[in-house]
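Colleague: Hi! Could you walk me through this one in plain words?

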Amino acid sequence: MDLQMTHTTIYVLNQESAFDFYVNKLGFEVKTDVPLGPTLRWLTVCPKGQDLEIILMPIAEGMLFNKQSAKQMSDLVKSGTLGFGVIKCKDVYASYEELKAKGVQFKKEPRKSPFGIEAVLCDDSGNWFSLQEKT
Amino acid sequence: MAKEQYPKAYLYMRIVQSKLFIDKSFAEPINLEDITNEAFFSKFHFIRTFKSIYGETPHQYLKKIRIEKAKQFLKGGKSVNEVCQSVGFESASSFMGLFKKATKQTPSEFRNAYLKRKEIEKKSPLKFVPGCFMVAP
């Protein structure tokens, strides 16, 4: 079997500010950015050097969500319930200082844990990511 | 967080500031003295620490960031000559050589490939959207 993940989704409250966060602050590359109608935009980003497309999916009625599920999802994201993954870097302390200087919010500052040094950062919507060192 | 809570916090802040200085000043003819002045280190100590944190020397990082910015400018529609000047290269030949080495494409090839993809995105946007997202309940 030859399975490869090509797309995954992060649910965001606002695509414009998510673009700023993932592209200008985290330094991800834009993979695809196409309008799909007057209000809908298909926006995917990717950490440099990787092939995975991360869909920045707006939580809004329409694609994927109805009114009720959009409200539920929006509440979950805003409350910081959802963790979306692990981001690896060469040096957590340096990445922490740089991202902090760029205005990124952290839920947890760098600390030694059983699996290495870890910090936890939040995107502009409230989704969180573990920031760890490459081993 | 108090700066003392993790080891060498002060050193990290200095090195990160110097990296952000490179990010901001990539188009200027900056040299190592400018960067070490920013970090308040001796040149040797600075290069060694920068490399241990980022895996490359400040000069290698500066070249990399210039190529990254060049890619952005090419996508924005600037000519190769304009881009060369905008990212701080003094000669077009060194810019084109480094660009090709880093991306395996000449600046013109890179821009044309990007424009071709944008054209396809414009003509057939749904080609980029996996079907499941269009038919999900």
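Modeller: Happy to. One term to start with: buried means under 20% relative accessible area, exposed means over 50%, and partly exposed is in between, with a 1.4 Å probe and protein chains only. By that rule Lys25(A), at 23% relative accessibility, is partly exposed.

Colleague: Anything else I should know before we look around?

Modeller: This is a predicted model, in which local features need pLDDT of at least 70 and side-chain atom pairs count only at pLDDT 80 or more, while totals for chains, interfaces and linings use all residues. Residues are numbered from 1 along each chain as its sequence is written, chains are lettered from A and ligands numbered from 1 in the order in which they are written, and side-chain values use heavy atoms, with hydrogens and water left out.

Colleague: Back to Lys25(A), then. Which residue forms a salt bridge with Lys25(A)?

Modeller: That is Asp20(A), with the closest N and O atoms 3.8 Å apart. A salt bridge here is a side-chain nitrogen of Lys or Arg within 4 Å of a carboxyl oxygen of Asp or Glu. Asp20(A) is partly exposed, at 30% relative accessible area.

Colleague: Why would side chains pair up like that?

Modeller: Side chains of opposite charge can pair when their charged atoms come close.

Colleague: How many salt bridges are there over all chains?

Modeller: A search of the whole structure finds 15. One of them joins the side chains of Glu16(A) and Arg41(A), at 2.9 Å from N to O. Glu16(A) lies in helix α1 of chain A and Arg41(A) in strand β3, so this pair ties together parts that are 25 residues apart in sequence. Helices (H or I, at least four residues) and strands (E, at least two) are DSSP runs, numbered from the N terminus.

Colleague: Is Glu16(A) buried or exposed?

Modeller: Exposed, with a relative accessible area of 55%.

Colleague: And which side chain does Asp51(A) meet in a salt bridge?

Modeller: The side chain of Lys31(A), at 4.0 Å from N to O. This pair links distant parts of the chain, as Asp51(A) is in the loop between β3 and β4 of chain A and Lys31(A) is in strand β2, 20 residues apart. Asp51(A) is exposed at 60% relative accessibility, and Lys31(A) is partly exposed at 27%.

Colleague: Let's look at helix α1 of chain A. Which of its residues are buried?

Modeller: In this helix, residues 15-25, the buried ones are Gln15(A), Ala18(A), Phe21(A), Tyr22(A) and Val23(A). They cover an arc of only 165° around the axis, which puts them on the same side of α1(A). The arc is that of the directions from the helix axis to the C-beta atoms.

Colleague: What do those buried residues pack against?

Modeller: Strands of chain A, among them β1 (7-12), β2 (29-35) and β3 (41-46). Contact means heavy atoms within 4.5 Å.

Colleague: And what happens at the ends of α1(A)?

Modeller: Asn14(A) caps the N-terminal end, with a side-chain oxygen 2.8 Å from the backbone nitrogen of Glu16(A). After the helix comes Gly27(A), whose phi is positive, near 85°.

Colleague: New topic: how many residues of chain B are in contact with chain A?

Modeller: There are 30, in contact with 26 residues of chain A. The area buried between the two chains is about 2200 Å², and carbon and sulfur atoms give 62% of that. Buried area is the accessible area (1.4 Å probe) that two parts lose on being put together, summed over both.

Colleague: How many salt bridges cross that interface?

Modeller: The rule finds 2 between chain B and chain A. In one salt bridge, the side chains of Glu98(A) and Lys19(B) meet at 2.7 Å, N to O. α1(B) gives the most to the side of chain B that touches chain A, with 7 residues. Also, Glu98(A), Lys102(A), Lys19(B) and Asp23(B) are linked in a network of salt bridges.

Colleague: Last one, inside chain B. Where is Val80(B) found?

Modeller: In helix α5, residues 80-86. Val80(B) counts as buried, at 13% relative accessibility. Leaving out residues up to four places away in sequence, Val80(B) touches several residues, including Leu74(B), Phe95(B) and Arg111(B).

Terms used
Polar contact = N/O pair within 3.5 Å; in protein donor to acceptor, adjacent residues only side chain to side chain.
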